[in-house]
Amino acid sequence: MAYVDERPDAAKLVRWNFLVAFVALGIGGLFGLIQALHRTGVYRGFVDSADYYTLLTGHGVLLALVFTSFFIVGLYTWGVTRSLDRSLWGQANGFSRARFLTMLLGTLLAVVAILGGIIGQFPADLKADVLFTFYAPMQAHPIFYLGAVLLIVGTWMAGADWFLTFWGWRKDNPDERIPLQTFMVLTTWIMWYLATLGVAVAVLFFLLPWSLGLIAEVDPLLTRTLFWYFGHPVVYFWLLPAYFVWYTILPKLAGGRLFSDPLARVVFVLFVILSTPVGFHHQYLDPGIAEGFKFIAMTNTMFLLLPSLLTAFTVVASLEHGARQRGGSGLFGWLRSLPWDEPAFAGATLAGLMFAAGGFSGMINAGMNINYLVHNTLWVPGHFHLTVGTAVALTFMAVSYWLVPQITGKRLQHRTMATVQPYLWFVGMTLMSNAMHRGGLAGIPRRTAEPEYQNVDFATILGGVGEIKTQIALGGVLLFASLAMFLVVMTGTWMAERGRAKLSVNSYLPPALSGPENSPRVVDNLKLWTAIAVVLIVFAYALPLGSMLADGPLSPGSPPFVPGVPVLPF
């Protein structure tokens, strides 16, 4: 029986979230293609350079916030109801629908503010060209900040829905271990609650009143710090659902079972503890922050390599077990026995390989001295596209090939196209990210439509700037083609008639080789890990934030800078 037949109300909620996610993915991907062609000079007929920043903001917000948030909420709704085998707490009283509508309203407000920058029918002041990193002194229209608040509040409500569902399950099962998928959902959201406090304070107490004219100036360093308090943990908000797929679904797709349930739980606990007190590694070049606190952030960031390495070991061991169950043999010969022609498996596995490469470039970002060489260069979006743009996005697309038939009750359509799509994405991202990393080493800046300066020659180690631009443009075209293929497959599946034949998708997830009984019960003590995380956050942030607030929360202040609006000379 398909999931849609077992839990029709939850399946409908998952479909709603996925639908918004896929629309955001398509629009954000189109903006990305236009950016790649414009910045490289291949074709500049879509927008002028001033409007480039509107598209850059839309690309970042729609993909990094909207697509990910809605897809994660949908995926985790499926995971909680499946693993607990019970309906959501909020389904009976309308809470589940209310949190979806809250997220949707927030998204619409933010998108209207962003598109106001390029659509002439909107009022002239309806702009939000503040990029994904929307801290001061750049200022957006108030509805952009209101939309961001509602989107985040909607995710908080989703977490409340899952926790209340879990507590209901706990009353009925007081002595059982938390099912692994639910454990992953709850730990992800504990981290998310802690991390979003920073951006919530920044928007509600500073940026929104500032944009409304209630306060004239804000402290850029303080609001920037509050943003990056959230801005790095949000990476793990994106990444942990990919881990959710790699740990609980990918081994089954490989034909085997998860190698170790206890290791999976330890990894998620480590992310709860270590994800948030690392934000200062995005502010190595910021004055006003003592070097010692930047060093603490660097150390905490390096500790985060541990759960990633544990994940690499556990997932690869699980894949090897599956391959040997399928008849694979030899030291590496078992790799040939994996189902590389299955789009869900291939996409998730290729995403994991890309994440390994992104981990190496991330180590450069985390190191204080080496970071100075690549800060604010193309290296950073090159790394970002390996991690969020592939490890996360390609995993989400891949698992959709397996999950969408279950939430719709319809067979996957255009299977050949679905099989090719992950490989085309892998090739496109290899080209684009490779060129971005090399361009970053040459000092080519990011976040600009005009990456050329007078009397400045970007000396590349290998190849030339022209070749780097061509490679970025070609990679962008291939990525958009892959994205279009994915959306065609999803649309075809969504619109297909539901046949009477039994679905070919087997939704059963086998138990791990080493189950939860092989780990101490303290691993499931969510209160303990939350308390430790709070202590580490206080240790990392209390003193530097105290020093910023010592001369007042709005001082030293900065007036707003609205991109595209001329600034009068003093």
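**Exercise 1.** Which side chain meets aspartate 172 in a salt bridge? Place both partners and classify their exposure.

*Solution.* The model is predicted.
- Step 1: the partner is arginine 86, with N to O at 3.1 Å.
- Step 2: aspartate 172 belongs to helix H5 (residues 142-172), while arginine 86 sits in the loop between helix H3 (52-84) and helix H4 (95-115), so the contact ties together parts 86 residues apart in sequence.
- Step 3: aspartate 172 has 52% relative accessibility and therefore counts as exposed. The cut-off for exposed is over 50%.
- Step 4: arginine 86, at 24%, counts as partly exposed.

**Exercise 2.** Find the salt-bridge partner of arginine 177. Then state whether the pair is buried or exposed.

*Solution.*
- Step 1: arginine 177 bridges to aspartate 524, and the closest N and O atoms are 2.8 Å apart.
- Step 2: arginine 177 is in the loop between H5 and helix H6 (180-211). Aspartate 524 is in the loop between helix H17 (465-495) and helix H18 (526-549). The pair links distant parts of the chain, 347 residues apart.
- Step 3: both arginine 177 and aspartate 524 are buried.

**Exercise 3.** Which elements does the salt bridge between glutamate 467 and arginine 438 tie together? Add the exposure of each residue, then turn to the shared-partner network.

*Solution.*
- Step 1: the closest N and O atoms of glutamate 467 and arginine 438 are 2.7 Å apart.
- Step 2: glutamate 467 lies in helix H17 and arginine 438 in helix H16 (residues 415-441), so the bridge joins parts 29 residues apart in sequence.
- Step 3: glutamate 467 is partly exposed at 32% relative accessible area. Arginine 438 is buried at 16%.
- Step 4: shared partners join Arg177, Asp261, Arg265 and Asp524 into one salt-bridge network.
- Step 5: the structure holds 13 salt bridges.

**Exercise 4.** How many aromatic pairs are there? Describe the pair of tryptophan 162 and tryptophan 189.

*Solution.*
- Step 1: the count is 48 aromatic pairs.
- Step 2: tryptophan 162 and tryptophan 189 have ring centres 4.8 Å apart and planes at 80°. Edge-to-face requires over 60 degrees, and this pair is edge-to-face.
- Step 3: tryptophan 162 is in helix H5 and tryptophan 189 in helix H6, so the rings tie together parts 27 residues apart in sequence.
- Step 4: both tryptophan 162 and tryptophan 189 are buried.

**Exercise 5.** Over which ring faces do arginine 82 and arginine 265 lie?

*Solution.*
- Step 1: arginine 82 lies over tryptophan 78, at 5.9 Å from the ring centre.
- Step 2: arginine 265 lies over phenylalanine 183, at 5.2 Å from the ring centre.
- Step 3: arginine 265 also belongs to the salt-bridge network from Exercise 3.

Definitions and conventions. Residues numbered from 1 in each chain as written. Predicted model: local features only at pLDDT ≥ 70, side-chain atom pairs only at ≥ 80, totals over all residues. Heavy atoms only, no water. Salt bridge = Lys/Arg side-chain N within 4 Å of Asp/Glu carboxyl O. Helix = DSSP H or I, 4+ residues; strand = E, 2+ residues; numbered from the N terminus. Buried < 20%, exposed > 50% of the residue type's maximum accessible area, 1.4 Å probe, protein only. Phe/Tyr/Trp six-rings, centres within 6.5 Å; stacked < 30°, edge-to-face > 60°. Lys NZ or Arg CZ within 6 Å of the ring centre and 35° of its normal.
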